[in-house]
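Open the model in your viewer and keep the selection panel at hand. The stops below go from one chain to the other and end where they meet.

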2 protein chains.
Amino acid sequence: MPATATDPQTSRTRSWWGWGYTDAHPDDAECIATGALLPGTLARPLPIPRVADLPIGRPAATPPASLAHLVTADPQARAAHAMGKAYRDVIRALRGRPGRIPDLVARPTRDQDVADLLDWAGEHGVAVIPFGGGSSVVGGVEYRGEAHHAVLSLDLTSMGRVLEIDTAARSALIQAGALGPALEAQLRPHGLTLRHFPQSFEFSTLGGWLATRAGGHYATVHTHIDDFVQSLRVITPAGAGTSWRLPASGAGPSPDRFFLGSEGTLGVITEAWMRLRERPRHKASASVAFADFHRALDAVRAIAQSDLAPANCRLLDPGEALLSGASHEGSTVLVLGFESATSPVDARLTAAVDLARAHGGRGEAAPADRDSPPDAAVGAWRSAFLRMPYLRDGLARMGAVVETFETAATWGAVPALIDAVRTEVGAAAAKATGHPATVNCRLTHVYPDGAAPYFTVAVAGRPGDEVEIWDDIKAVATEVLHRHRATITHHHAVGRDHRPGYDLQRPDPFARALRAAKDALDPHRILNPGVLLD
Amino acid sequence: MPATATDPQTSRTRSWWGWGYTDAHPDDAECIATGALLPGTLARPLPIPRVADLPIGRPAATPPASLAHLVTADPQARAAHAMGKAYRDVIRALRGRPGRIPDLVARPTRDQDVADLLDWAGEHGVAVIPFGGGSSVVGGVEYRGEAHHAVLSLDLTSMGRVLEIDTAARSALIQAGALGPALEAQLRPHGLTLRHFPQSFEFSTLGGWLATRAGGHYATVHTHIDDFVQSLRVITPAGAGTSWRLPASGAGPSPDRFFLGSEGTLGVITEAWMRLRERPRHKASASVAFADFHRALDAVRAIAQSDLAPANCRLLDPGEALLSGASHEGSTVLVLGFESATSPVDARLTAAVDLARAHGGRGEAAPADRDSPPDAAVGAWRSAFLRMPYLRDGLARMGAVVETFETAATWGAVPALIDAVRTEVGAAAAKATGHPATVNCRLTHVYPDGAAPYFTVAVAGRPGDEVEIWDDIKAVATEVLHRHRATITHHHAVGRDHRPGYDLQRPDPFARALRAAKDALDPHRILNPGVLLD
């Protein structure tokens, strides 16, 4: 099995320790320039870590000959599968303190391979960590603890094809290991699109989106990947099953909804029939500036409670707007986008901008012609959005603590929640480091009954203590979210990092049901141990 | 506890054996006139059954003094809780062969009552059948078998209040026992509505809708009650729990989605925070006639795959259109309705009618003014829709076999499915009875990826064999649905009648998970035995 980290689609090299492609990483000069924006960071960046310096020993398990062609013990592959891509993971790599490195990496190419690997792992007590693009930011793809003598990372990306397209039902059967760009490339010739564009789009897979209930492209109505699932195939240690392709059903609790969000703890999703869209032919976008953040919240609520259904409806607080170049005047900025394959969207954009102006916004609808450049603030924001994780890693190299977290709450709770996070998390970050901290906020998705705030924290760390500092800050964030009855995660999964918050949020009868299901489907407790459940 | 069947809201008397209010039942003359439309029915209606003729003995269990005020053994109450309101139930009552009559009927008024009743029933091995409005048409509220020495019907309708309204989040905390009209009456002063209007609206409860994943008012986008749930409170024999009020969450599998559709087998839903709408201020409707049913299917698909999102999009085949008075010319009729609280809907209606005309439809958009009368075909259909179950009971009294069943399938499967049901179920009905059978079809809900066909079967029965005849017809229907990979139920639940089809549809890993959850939450196996699971 090849050990290269080169992406076969792009011929670019994926970083084993940081975000994305190595050729897109900020160089030392950019790291220093970015670090200069955050008082107290290092003078020079931490060196880029090397696989050769990692404590990678002989694997503690050996697969049988029948599976050997699927499995590698190559150090580069094992290093690249040791952790996800949270700040916590990046700084651990930079500080030479990675999580437990898996003994083996398997790359199955068909369902039977997955079943065989699970059988072998179950017999030998080997932990299995399902792995898609490896972009988890919640400790979802690493092993913690000592209960298993060996760990296998189950990399699904060799199962990345669109197997079948049903144009009448506008849906496709897609293997779970398909990365975003490859998936869309296979749909494009049919004029169809899944239109699921998380920030991790280039480096995450359909299976990862499904297993974590990822938030997607649409800011309103169908915001999560969940709603686009027509059927799932799941392979569990206790057997495999495929739900029927149905546009809807009322037959018992939804089987698909039970495996969506199960984060590799109940089974391995190997393929799914997904509902697609025609590619949009009509698009229009605009940005609206607000002097007052709380009035902007009211504007967004009015839009969310209308039936205008914007595809994009992101509210950037002044810090976010500044950072992304959407506003240099200290304004709150609302980025609105509409799209449709069937009807012009100009009237909907105008109506949404009118609602925003009625709540104190200043802005106008941009021309709706598809070929015209999008509103400048919209474009600036979009570029910054995709560059952000790379800059985070650059800041991490400068010794900064930089991370995001997100939530969702009902409208009544939102204003006080955002204020409390800013104040309390900011204070905790400053106290833990002795440096001034930045806490920015944006709303990523909005609902008739609430919104999803997304926070970015940045503060210079204390050299060597960055992990502990972030863990302290995150504990305060978790406490604030819990006090305001805001969810521990809106689209970033639970993993291992969010377990304390998840355990508080999850109703006890459902916890009992989930534990019982885990016992029934994964009797040897090999699947992603420590995620969702003990 | 009062034993009356009088509805406290309306002062009208509910029928214990048939649909709805006794004063709305067709009289003998109307029964005879309706029966005359179906060759081979009886000359005179079967007599209305009397509770006094039922084999109601002494209850096999006695509640403790502490629960006595919640429980009755009154024969009238027990008879009214013995079965749902399927044709199968009505004809069993008419033929003096009802299902097992519960020993006791309990009417809890608070959560603690429910918990206490479950505790007592668990200790004494008493089966508990959660009961809302009793409108189940799938054998969901009766006891079958002999495994329990006593049966308690747990009637939730004394818990029917709207407890709290959150206008900012447009949502309300509603007790599960609220019947449709009372629920809407409590929301109306706030300008809000749940807008969930199943055919059973007057005689079904929020808890019943949630436990069965009921299909609702909207023909597109958010078609099931599932999407309007913000949080649930569930009381199980193993403890109670409430999910957080959240507009969205990605934290693990959805707890609410696991209890939605659980049909009283995992716990008793006692209250829910529900997402509401503002009452619509803009409405417009139209009907479009088609000479060809299959071209009409294409038209409906085009509308479902647009982003026009009609609230109503019912396609009536010629038989349905004739029966409801929507068309007397043998046409297929598409009934379209649009509504909005925020924006005029004329343009969307016009665009939908244009799409229909592009596929061979003949029709025009009706005036969109709210105060103008709706399109005549729309009005005719709506009246017939609400009267239908009463007429079914009248036909049952004439010895007819009259029942409905519904399904959903992807677009590619829909035309052949409908043709096969018409042919094969019609042939089975004719063969079983020796009489000509009618099988009509309508689409009730449509999706970008498929549609929900709803079938009505009518044929004269053989006196005394009606139950067996219907069971034979239904077995053929189930086989046809299964062969076409169409769901056993789109919005009528599984109950006991749909178990064979459900067992075929449910993926095995989910069946294992569900059985394990049942063992964990209902260890004494008292909750709705035989529904969903053995």
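Start with strand E8 of chain B, residues 229–236, and add E9(B): the two pair in the antiparallel sense over 4 bridges. Before clicking around, note that this is a predicted model.

**Stop 1: the sheet of chain B**

Stay with the E8(B)–E9(B) pair and pick Ile235(B); its bridge partner in E9(B) is Ala240(B). Now widen the selection to the whole sheet. Its 5 strands follow the order E5-E6-E10-E8-E9 in chain B, and the sheet is open, with antiparallel pairing. Which strands stand at the edges? They are E5, residues 162–166, and E9, residues 239–242, of chain B. Each has a single partner strand, so one side of each is left without a neighbour in the sheet. On average, neighbouring strands here are turned by 10° against each other, direction ignored.

Next select helix H5 of chain B, residues 111–124, which packs on this sheet. Show its contacts: helix H5 of chain B touches E8 and strand E10 (268–275) of that chain. The direction of the helix makes about 40° with that of E8(B).

**Stop 2: the sheet of chain A**

Move to chain A and select E1, E2, E4 and E3. In that order these 4 strands form an open sheet with mixed pairing. At the edges, pairing on one side only, are E1 (71–72) and E3 (126–131) of chain A. E1(A) and E2(A) run antiparallel and are joined by 2 bridges. To see a bridge, select Val71(A) and its partner in E2(A), Ala106(A).

Then add helix H4 of chain A, residues 111–124, which packs on the sheet. Helix H4 of chain A touches E1, E2, E3 and strand E4 (150–155) of chain A, and its direction makes about 150° with that of E3(A).

**Stop 3: salt bridges**

The structure has 72 salt bridges over all chains. For one of them, select Glu466(A) and Arg95(A), whose side chains meet at 2.6 Å, N to O. This pair links distant parts of the chain, 371 residues apart. Glu466(A) is in helix H13 (residues 466–483) of chain A, and Arg95(A) is in the loop between helix H3 (87–94) and strand E2 (104–106) of chain A.

**Stop 4: where the chains meet**

Show both chains and select the residues in contact: 81 from chain A and 80 from chain B. How much area do the two chains bury between them? The value is about 6200 Å², of which 62% lies on carbon and sulfur atoms. On the chain A side, pick Trp244(A), Pro247(A) and Pro253(A), which lose the most area to chain B and together make up 13% of what that side buries.

For the charged pairs, the interface of chain A and chain B has 2 salt bridges. Select Asp449(A) and Arg275(B), whose side chains form a salt bridge with 2.7 Å from N to O. Polar contacts between the two chains number 30 residue pairs, counting those with both residues at pLDDT 80 or more.

Finish with helix H15 of chain A, residues 508–521. With 9 residues, this helix gives the largest share of the side of chain A that touches chain B. Coloured by class, that side of chain A has 39 nonpolar, 29 polar and 13 charged residues.

How values were computed: Residues are numbered from 1 along each chain as its sequence is written. Chains are lettered from A and ligands numbered from 1 in the order in which they are written. This is a predicted model: local features need pLDDT of at least 70, side-chain atom pairs count only at pLDDT 80 or more; totals for chains, interfaces and linings use all residues. Side-chain values use heavy atoms; hydrogens and water are left out. Two strands pair if DSSP finds at least two bridges between them. Axes are lines fitted to C-alpha atoms, for helices over the stretch in contact, and angles run from 0 to 180 degrees between N-to-C directions. Contact means heavy atoms within 4.5 Å. Buried area is the accessible area (1.4 Å probe) that two parts lose on being put together, summed over both. A salt bridge is a side-chain nitrogen of Lys or Arg within 4 Å of a carboxyl oxygen of Asp or Glu. A polar contact is a pair of N or O atoms within 3.5 Å; within protein, one must be able to donate a hydrogen and the other to accept it, and residues adjacent in sequence count only if both atoms are side-chain atoms. Ala, Val, Leu, Ile, Met, Phe, Trp, Tyr, Cys and Pro count as nonpolar, Asp, Glu, Lys and Arg as charged, and the others, Gly among them, as polar.
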